[in-house]
Amino acid sequence: MQSDSSQLPVAVVGAGPVGLTAALGLVHHGVPCVLLEEDAALSLDTKAGTILTRTLEVWDRYGCVDDVLAAGLRIDEIAEIERATNVERLSVRPSELDRDTRFPFVVNIPQHQLEPVLAAALARRAPGALRTEHRLLSFDVADDRVLLRVQTPDGVRELAASHLLACDGGRSTVREQLGATVAGRTLPERYMLVDVVVDLDVDYPRDYPYLAYFADPDEWMILIRQPDCWRFLYPLGPDREPPDGAELLAKVRRFIGDVDRVEVRNSVVYNVHHRVADRWTRDRRVFLMGDAAHLITPMWALGLNTGVLDASNLPWRLAWVLRGWADPALLDGYEAEQRPVAVEGSGEMAEAARRYMAHEQGAVATPAGSWATAYTRTLLGVRLDVDGTGDWSMVVRTASPPPVRPGDRAPDVAVWGPRRRVHVQDLVRDGFAALYFTDVRRRPDIPRNDSPALRHYAVSRWDAPHDSGLRDRALFDPGSAATLRFGVPADTLVLVRPDGHVAAVEPIRPGGAAKAYEAVTGRPVPVPAK
Ligand SMILES: Cc1cc2nc3c(=O)[nH]c(=O)nc-3n(C[C@H](O)[C@H](O)[C@H](O)COP(=O)(O)OP(=O)(O)OC[C@H]3O[C@@H](n4cnc5c(N)ncnc54)[C@H](O)[C@@H]3O)c2cc1C
């Protein structure tokens, strides 16, 4: 048996979208991993259909977003329409976010087309990491490792892993073995999802936005343009039998009017849950993620996309701990930050969306202002509780961007390096970044970049003169556009984590960035031996 568990792979169980994303995240950070999937193939079920902006940013960081964009359909408007009158009540326009993100749109792609794209990206980066027909049977947590019993085509095998990430879905074996209780409820109605082949663009033009929520007290409906078909989603009463083909076609015609050439490609009825596990971790070795941790009403695309937020938060923490760059206590932040997002954030947003669609009394569904609406609906997880104060939010309540605060996702604004444009989120792909918003003419004391864990950059509307000694660690900010978007006073330090969230905002002082880094990781900034 190996004695150093940091040499063991991390085991990810379940190759759904969250397991695939978690594995891509680990590989991105150089952490060896195996991804165990009980089935022989990836999911054939047509489940989630819309990918939100924040998820695209995570996949960009993990190096697979181009593949997703090529396979999906980009949408620059989400409409909320009164079904009875066809009046548009609200239009969510991610293009309002062009100063916040490189992806001012959302993407429609059915889950069974998405998963192979993520799996192919993983196979390119870590050939053989995905092992199909490997079913986790049970596990034991030892002091420094997790021992997994796995059913494989060659019989039951034992596998030692440094950590176990349970992405094994709503019926999670790991959650059950952890003894976690799942609190919440299952809605009385089920949701009916129908994919139909019909030409609503030319033969029967309807010109609804490609993602449209039709609110109605009797029967709400969601219309989603998938890359090569149309999808309808609507509620099915508690006692209703799933409709047959003819009934489905009649329903489709009721929604979109009379059409002759229409064919049902796929349909599925599913139960809708709103449940969250009461604990997500054990011994800093086992972690629940995605549907294993939280089953969220898939309204406003909150199911899969909330799971991807989990897979944004945990991989960098594991990388830091396994490299010895952070105290294992860094892992506690995963549940502390993500659980409120699932319980109160996504959970409440999804519930508000469901009630809003059904015209229930008191449903509050949108923040004020079009920028805030777009930010909230597409850049989920807008502020995390990074400092343990309980202050976090998924909803932006100001009409325009507020000054950046700890926990915020750092705006992905562009600045200029010595040769070319860079975006803020690029600066933290594999490390922390200390951004010093200051006047570079005064030759501020910016530490040299001698650690891959923390890099320092002055941000200034003055390009660093060549005799300033700062040319290699200064970012030119023409017109102070980035500084204004961050909204911080002159001479402020903003420390950004590898997941793109702000860890600290404070006045610049000597050694301040290193101290702020240590406050997060529990260890001094590592400096490689020369
Ligand atoms: C019909 C339907 C429609 C939906 N529509 C939307 C939507 O429009 N938008 C949205 O955001 N969300 C939607 N959702 C929710 C979304 O599909 C889920 O949130 C998402 O699939 C969760 O991903 P996951 O990776 O956590 O789990 P899953 O996708 O469930 O993947 C879990 C994986 O683990 C594997 N596994 C399980 N047990 C084991 C084991 N013991 N060993 C090895 N492997 C194991 C399973 O085979 C599976 O591949 C929908 C869900 C359904 C059912």
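This report describes the surroundings of the ligand, two helix pairs and one loop residue in a predicted model.

**The ligand and its shell**

The shell around the ligand comprises 32 residues, among which Glu37, Gln111, Tyr270, Asp291 and Leu304 come nearest to the ligand. Sorted by class, this shell holds 14 nonpolar residues, together with eleven polar and seven charged ones. Three elements, namely helix H1 (17–28), strand E9 (135–141) and helix H7 (302–322), each supply at least two residues of the shell, and of the contributions to the shell that of H7 is the greatest, with four residues.

Backbone atoms of the protein also lie at short listed distances from polar atoms of the ligand, as set out in the table for Val18, Glu38 and Gly49.

| Residue | Protein atom | Ligand atom | Distance |
|---|---|---|---|
| Val18 | backbone N or O | oxygen | 3.0 Å |
| Glu38 | polar backbone atom | nitrogen | 3.1 Å |
| Gly49 | backbone N or O | oxygen | 3.4 Å |

Beyond these individual pairs, the ligand taken alone exposes 1000 Å², and the protein buries 88% of that area.

**Packing of the helices**

Helix H7, which gives four residues to the shell around the ligand, packs with helix H8 (residues 332–357) at an angle of about 170°, and the axes of H7 and H8 are 10 Å apart. Because angles over 145 degrees count as roughly antiparallel, H7 is roughly antiparallel to H8. The crossing in which H7 passes H8 is right-handed.

Helix H1, which likewise supplies at least two residues of the shell, packs with helix H4 (residues 111–125) at an angle of about 20°, with the axes of H1 and H4 lying 10 Å apart. Angles under 35 degrees count as roughly parallel, and H1 and H4 are therefore roughly parallel to each other. In this pair the crossing is left-handed as H1 passes H4.

**Asp472 in its loop**

Asp472 is placed in the loop that lies between strand E24 (454–460) and strand E25 (474–476). The side chain of Asp472 is joined to that of Arg473 by a polar contact of 2.8 Å. With respect to Thr55, Asp472 is 417 residues away in sequence, while the C-alpha atoms of Asp472 and Thr55 are 32 Å apart in space.

Terms used:
Residues are numbered from 1 along each chain as its sequence is written. This is a predicted model: local features need pLDDT of at least 70, side-chain atom pairs count only at pLDDT 80 or more; totals for chains, interfaces and linings use all residues. Side-chain values use heavy atoms; hydrogens and water are left out. A residue is near a molecule or strand if one of its heavy atoms lies within 4 Å of it. A polar contact is a pair of N or O atoms within 3.5 Å; within protein, one must be able to donate a hydrogen and the other to accept it, and residues adjacent in sequence count only if both atoms are side-chain atoms. Accessible areas come from the Shrake-Rupley method with a 1.4 Å probe; for residues, only the protein chains shown count as cover. Ala, Val, Leu, Ile, Met, Phe, Trp, Tyr, Cys and Pro count as nonpolar, Asp, Glu, Lys and Arg as charged, and the others, Gly among them, as polar. Axes are lines fitted to C-alpha atoms, for helices over the stretch in contact, and angles run from 0 to 180 degrees between N-to-C directions. Angles under 35 degrees count as roughly parallel, over 145 as roughly antiparallel, 65 to 115 as roughly perpendicular and the rest as oblique. A crossing is left-handed if the near helix is turned anticlockwise from the far one by less than a right angle, and right-handed if clockwise.
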